[in-house]
Amino acid sequence: MQKRGNFKQYLEPIKPVKNYINWNFDNSYSKLPEAFKEIIKPVSVLNPELVILNENLAKELGLDFSKIEKNELSALFAGNILPEGTSSIAQAYAGHQFGHFTMLGDGRAVLIGEHVTNQKKRYDIQFKGSGRTSFSRGGDGRAALGPMLREYIISEAIHSLNIPTTRSLAVTKTGEKVVRENLLEGAILTRVASSHIRVGTFQYIAAKQNIDELKMLVDYTVDRHYPEIKSSATKAVDLLNLVIEKQCQLIVNWMRVGFIHGVMNTDNMAISGETIDYGPCAFMDHYDPKTVFSSIDKFGRYAFSNQPPIAKWNLARFAECLIPLIDKNEDQAIKTATQIIDNFQTIYEQKWLDMMKSKLGLIGDNKDDLKLINSLLNWMEESKADYTNTFCYLMDMPIKDEIYNDKRFIEWVQAWNNRSNLNNSNKEDQFQLMKKVNPVIIPRNHKVEEALSDANKNNYETLYKLLSVIQNPYNPKVDVLEYQSPAPESKEKYQTFCGT
């Protein structure tokens with residue numbers, strides 16, 4: 001590793017120490033032209049202290065931290081020392097934020113490099129909250145402990161729910177305060193992603209109107225994520241179709257578990273199809289398609305039911321970037337792109353229907369399936385039924401709630417049983433299908449808040465227990481009754497915050 005200054009200055013790197021950790025950096029993105037990035041190192045912090053290290057993820061990455069003392073690990077995950085072979089940069093990108101286009105970039109994050117595993121899988125290793133860059137736009141470049149731990153919790157929960165996502169390798173306190181509405185404990189998250197290429201990355205390069213750089217970005221993205229179309233004569237069209245397919249599946253998965261991203265700006269949509277940027281994210285308790293938690297989403301742009309149309313809107317912005325590469329004739333290119341984007345609705349609706357049928361254990365097709373599904377959702381909305389627990393109840397799990405004695409629900413269950421009988425399978429087979437897609441456990445918002453509140457008091461036991469429980473959301477290994485219960489009734493509306 002190469003050491004740098006302990007404070008707010010950079011020193012010449014000293015002789016690297018032996019790489020005991022098995023890092024294997026090969027930094028392809030940093031070799032792209034200047035327009036794509038700023039070469040910069042993380043800003044050193046005063047007194048780093050490792051809060052949590054994701055041992056399971058480290059193992060998947062082939063990394064071994066067992067021979068490294070905690071103080072050196074703390075320095076590593078704060079950016080005070082960097083592994084040998086890194087080539088740290090801040091990435092440039094743009095974004096439609098709540099519909100308004102802005103030139104952006106990593107204002108508080110540094111991509112230290114790309115780690116390649118023994119299985120030849122490539123992962124970005126990024127520090128989030130690592131100090132100011134030229135993209136900071138007046139911000140301090142830092143992050144607070146609470147939001148970084150929230151991203152750690154939710155990203156690991158999403159991973160355990162079998163949904164593509166960036167992962168969290170570590171959270172380290174900086175020993176410094178960050179100024180928000182109050183003085184908060186500073187922290188840095190180490191994020192792992194298959195890449196950080198976003199729709200906003202394409203918007204940034206497209207806005208520069210340099211066709212060679214746009215081609216370069218398409219080629220790089222295809223090489224990294226979609227090598228099956230590398231030799232295609234219609235690469236831009238194929239890329240658009242593949243990204244639409246990935247994003248449709250991602251959003252369907254969010255809807256399956258009641259996840260609300262909270263800030264679906266185009267800079268928060270990854271070309272890889274991974275969930276990225278966990279800011280004011282949360283999970284829905286009682287079913288309400290208009291559910292929105294984010295304090296900055298005043299008009300519900302990113303509410304639960306709006307996630308599919310917003311995904312389509314974002315993908316339309318992606319398609320606009322590719323117009324010069326789709327066809328030399330601009331009118332024809334626009335026509336082609338429009339037709340592809342219009343396919344989103346058909347693809348999404350079929351995937352959503354298939355997903356909901358799996359949640360209900362329905363096999364085969366029946367003309368009344370959609371009516372049956374919507375009938376349940378309408379009852380859940382009107383009755384304020386818990387989204388997760390209702391499906392658990394249908395799987396004969398011991399969910400105690402008087403709401404399921406409602407006459408309309410009992411009648412619906414009879415209709416569901418009648419439809420299920422057409423499956424030509426027994427109840428156990430049906431439940432096995434349902435158990436694969438219906439989580440017993442989600443990171444309930446009030447349990448997340450408890451963990452974050454205790455962590456801010458230097459008590460991490462609540463956090464560790466929550467992380468342990470959400471590792472097995474479909475088949476919990478311990479008694480998880482307290483984690484199944486929705487938040488207690490409150491007159492105050494639950495809100496989440498961006499953390500910037």
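I started with I153 and looked up its contacts (heavy atoms within 4.5 Å). Leaving out residues up to four places away in sequence, I153 touches P443, V448, A451, L452, L463, L466, L467 and I470.

A note on the ground rules: this is a predicted model, where local features need pLDDT of at least 70, side-chain atom pairs count only at pLDDT 80 or more, and totals for chains, interfaces and linings use all residues. Residues are numbered from 1 along each chain as its sequence is written, and side-chain values use heavy atoms, with hydrogens and water left out.

Next I checked the largest nonpolar core (buried Ala, Val, Leu, Ile, Met, Phe, Trp, Tyr and Cys residues joined through side-chain atoms within 4.5 Å; buried is under 20% relative accessible area with a 1.4 Å probe, protein chains only). I153 turned up again: of the 152 residues in this core, F65, F77, I153, L169, F202, L394 and W416 touch the most other members. Helix α6 (residues 235–257) gives the most to this core, with 13 residues. I took helices as DSSP runs of H or I with at least four residues, and strands as E runs of at least two, numbered from the N terminus.

Then I turned to D277. I found D277 in the loop between β13 (259–260) and β14 (282–283). Is D277 buried or exposed? D277 counts as buried, because its relative accessibility is 11%. Again not counting residues up to four places away in sequence, D277 touches K128, R191, R198, H261, D267 and N268.

Note on methods
Buried < 20%, exposed > 50% of the residue type's maximum accessible area, 1.4 Å probe, protein only.
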